[in-house]
Amino acid sequence: MRQFLNSKSESAANIRSQIINSRKFLTETNFSIPSLDSLTDLKKSAKRVINAVNNAEKIMIFGHDDMDGITSTYILYDFLRILGSKNHFCYIPNRIIENHGLSPIFTKKVIEGKFDLVITVDGGIKSYDAVEVLSKANIQVIITDHHIVPENLPCAHSIVNPKREDPSSSFYMIAGVTVTYLLICKISELKSLKVPGKYMSWIALGSIADRVPLTGFNWQIVRKAYKDWRDNEDELLSYLRNGMPAVDFDDVSEIVSYFIKLLSNGRDLDGNHKALQLLISPKEARDSILQQLLLEKKNFESSIDQANQFVKKFAVPQKAEGIFYLDDSDVIEQSTMGMIASELAAKTLLPVFVIKEKSELLICEARCSDGFDLMKMFNELEHLFIQYGGHTKAAGFTANSNRKAEIETEFIDYVNSHPTRKEFSVSQCVDAVISWKDFVQFNTDIFNEFKPFGQDNPTPILLIKEAQLNELAEYVENFNILPSGCCLDVILKYKERKTYKIMDYTLLS
Ligand SMILES: [Mn+2]
């Protein structure tokens with residue numbers, strides 16, 4: 001059993017200040033957008049979009065089939081409509097069929113469709129070939145992205161990506177939807193328009209789903225969206241909320257997590273996406289699309305149940321520095337690969353690679369915890385892949401099947417020479433130390449001001465001194481892990497809906 005911090009108990013009134021102390025950024029709540037001038041090509045892109053709308057050019061928004069990509073596409077599509085465009089469309093590549101970035105299927109479509117301008121959101125930073133093909137066909141491309149910038153950039157008209165800036169930039173870690181929002185802000189500034197307030201809710205959805213760190217500018221923007229959610233609630237958000245099953249409507253987190261679960265479904269063919277379709281369709285067309293999405297959500301939830309079973313039963317190899325799982329007997333579904341990799345990484349604190357083989361291709365979803373950098377690894381092993389991309393802790397690649405053995409060997413070598421496994425010390429993550437008496441008295445509503453929880457702003461962890469075992473059961477969901485005894489120090493992680501999970505404990509004699 002671990003020895004806990006030797007801190008003395010604090011009064012309940014102090015829990016708040018203890019949490020604020022452990023997460024300094026939480027005090028930065030005054031929302032203001034830092035100067036937009038610091039973003040390379042933002043003004044150039046904004047001017048090009050304004051021209052395109054003024055000249056009734058045919059515009060294609062190229063998005064991405066995750067929540068960040070869908071929200072980015074939606075707000076730009078909606079804003080172009082506000083600007084007066086009647087000639088803009090969107091294309092969401094289906095990742096199961098098309099590769100990352102602008103595919104030949106897409107370029108063919110925009111060339112044949114005689115488009116004038118392509119604007120990418122949440123992607124495109126590595127689409128050299130496609131951008132070249134398009135510019136030869138006299139179609140200009142504006143790239144907006146937030147993924148790591150390669151050494152050479154595509155020959156686009158303009159490229160807005162906060163990763164082009166210094167890592168100290170306030171915008172460095174923003175989501176794709178926030179990059180899109182800043183483009184909208186710049187266009188609005190040039191045209192002296194007011195930016196629609198409703199976009200804030202969509203930024204929150206995209207940012208939380210994309211797991212950007214909820215600190216700094218991300219924290220400010222998402223926090224503002226939470227605070228203003230009801231004031232900003234537009235007709236579309238209300239419509240979606242009316243379709244929700246009975247949940248706690250007072251809790252914005254419940255609404256956000258429901259929306260993410262709903263709108264993450266809807267992959268379709270030929271650049272269509274049902275979730276996006278639902279957002280941009282006229283009112284009368286919504287109901288039938290919503291029904292389809294709800295059905296897909298239900299099916300997805302049952303694959304999540306299966307995935308959870310898989311994670312539960314997964315035998316973690318002893319002394320491994322990484323987990324390399326090739327699903328050659330087709331046990332898991334492609335749609336849950338990322339989730340399985342995340343769960344295994346959280347469970348083992350090791351880098352995890354979940355790989356499936358599909359028509360001569362290897363598809364990998366990789367996840368890791370602190371202390372490891374997936375992109376650094378992928379950059380080093382670039383020669384093995386057809387393509388790869390992602391972030392430090394969540395990334396993926398595709399490769400040729402015949403490189404299977406080679407990939408496995410090089411991966412194992414790499415993780416062995418870059419070990420990350422650390423003795424996990426829950427006590428180091430504790431936000432507040434409180435007595436049992438204070439714990440039973442305080443109201444979890446004080447946690448509301450720290451929401452939304454997410455990357456780098458996890459749900460609070462409390463160390464309760466001298467907890468009473470016979471009363472603890474009513475607060476925790478995993479009471480059965482405790483041995484019998486009467487009194488203990490216990491570390492609890494707050495869960496939604498006023499319950500906790502036991503993370504660690506010490507029995508007191
Ligand atoms: Mn993204």
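What share of the contacts in the protein with a separation of 6 or more is accounted for by residues 24 or more positions apart? Such residues account for 66% of these contacts, where two residues are in contact if their C-beta atoms, placed from the backbone, lie within 7 Å.

The structure is a predicted model, in which local features need pLDDT of at least 70, side-chain atom pairs count only at pLDDT 80 or more, and totals for chains, interfaces and linings use all residues. Residues are numbered from 1 along each chain as its sequence is written.

The radius of gyration of the protein (taken over C-alpha atoms) is 24 Å, which agrees with the value near 23 Å for a compact globule of 509 residues; the globule rule is 2.2 Å times the number of residues to the power 0.38. Along the principal axes, the C-alpha atoms fill a box of roughly 80 × 55 × 45 Å. Of the 509 residues, 36% are buried. A residue counts as buried if 20 or more other C-beta atoms lie within 10 Å of its own, as exposed if 12 or fewer do, and as partly exposed in between, with C-beta atoms placed from the backbone. The secondary structure comprises 18 helices and 14 strands. Helices (H or I, at least four residues) and strands (E, at least two) are DSSP runs, numbered from the N terminus.

Strands of a sheet pair through backbone hydrogen bonds, either parallel or antiparallel. Here, two strands are taken to pair if DSSP finds at least two bridges between them. One open sheet consists of five strands in the order β2-β1-β3-β4-β5, with parallel pairing. Its edge strands, each pairing on one side only, are β2 (88–91) and β5 (158–160). Neighbouring strands of this sheet are turned against each other by 20 degrees on average, direction ignored. Axes are lines fitted to C-alpha atoms, for helices over the stretch in contact, and angles run from 0 to 180 degrees between N-to-C directions. Within the sheet, β1 (residues 59–62) and β3 (residues 117–120) run parallel and are joined by four bridges; Met-60 stands opposite Val-118 in β3. Helix α2 (residues 42–54) lies across β1, β3, β4 (140–144) and β5, and runs at about 120 degrees to β5.

Another open sheet of five strands has the order β6-β7-β8-β10-β9 and mixed pairing. Strands β6 (323–326) and β9 (387–390) form its edges, each pairing on one side only. The average turn between neighbouring strands of this sheet is 15 degrees, direction ignored. Helix α16 (residues 404–417) packs on the sheet and touches β6, β7, β8 and β10 (394–400). The direction of α16 makes about 165 degrees with that of β6. Strands β7 (residues 352–358) and β8 (residues 361–367) run antiparallel and are joined by seven bridges, and Lys-356 stands opposite Ile-363 in β8.

The loop between β7 and β8 holds Glu-360. This residue has a positive phi of about 65 degrees although it is not a glycine. Glu-360 counts as exposed because it has 8 C-beta neighbours inside 10 Å.

Helices α7 (residues 199–209) and α8 (residues 216–227) have axes that come within 8 Å and cross at roughly 125 degrees. The two helices are therefore oblique to each other; angles under 35 degrees count as roughly parallel, over 145 as roughly antiparallel, 65 to 115 as roughly perpendicular and the rest as oblique. The crossing of α7 and α8 is left-handed, a term for a near helix turned anticlockwise from the far one by less than a right angle, with clockwise giving a right-handed crossing. Residues of α7 in this contact include Ile-203, Ala-204 and Ser-207, and those of α8 include Ile-221, Val-222 and Ala-225.

Most residues other than glycine have a negative phi, and most peptide bonds are trans. Ser-192, in the loop between α6 (176–191) and α7, has a positive phi near 50 degrees. With 6 C-beta neighbours inside 10 Å, Ser-192 counts as exposed. The peptide bond from Lys-451 to Pro-452 is cis, with omega near 5 degrees, and Pro-452 is placed in the loop between α17 (436–441) and β12 (461–468).

Pro-245 lies in the loop between α10 (235–242) and α11 (252–263). This proline counts as exposed, with 6 C-beta neighbours inside 10 Å. From C-alpha to C-alpha, Pro-245 and Leu-76 are 29 Å apart in space, and their separation in sequence is 169 residues.
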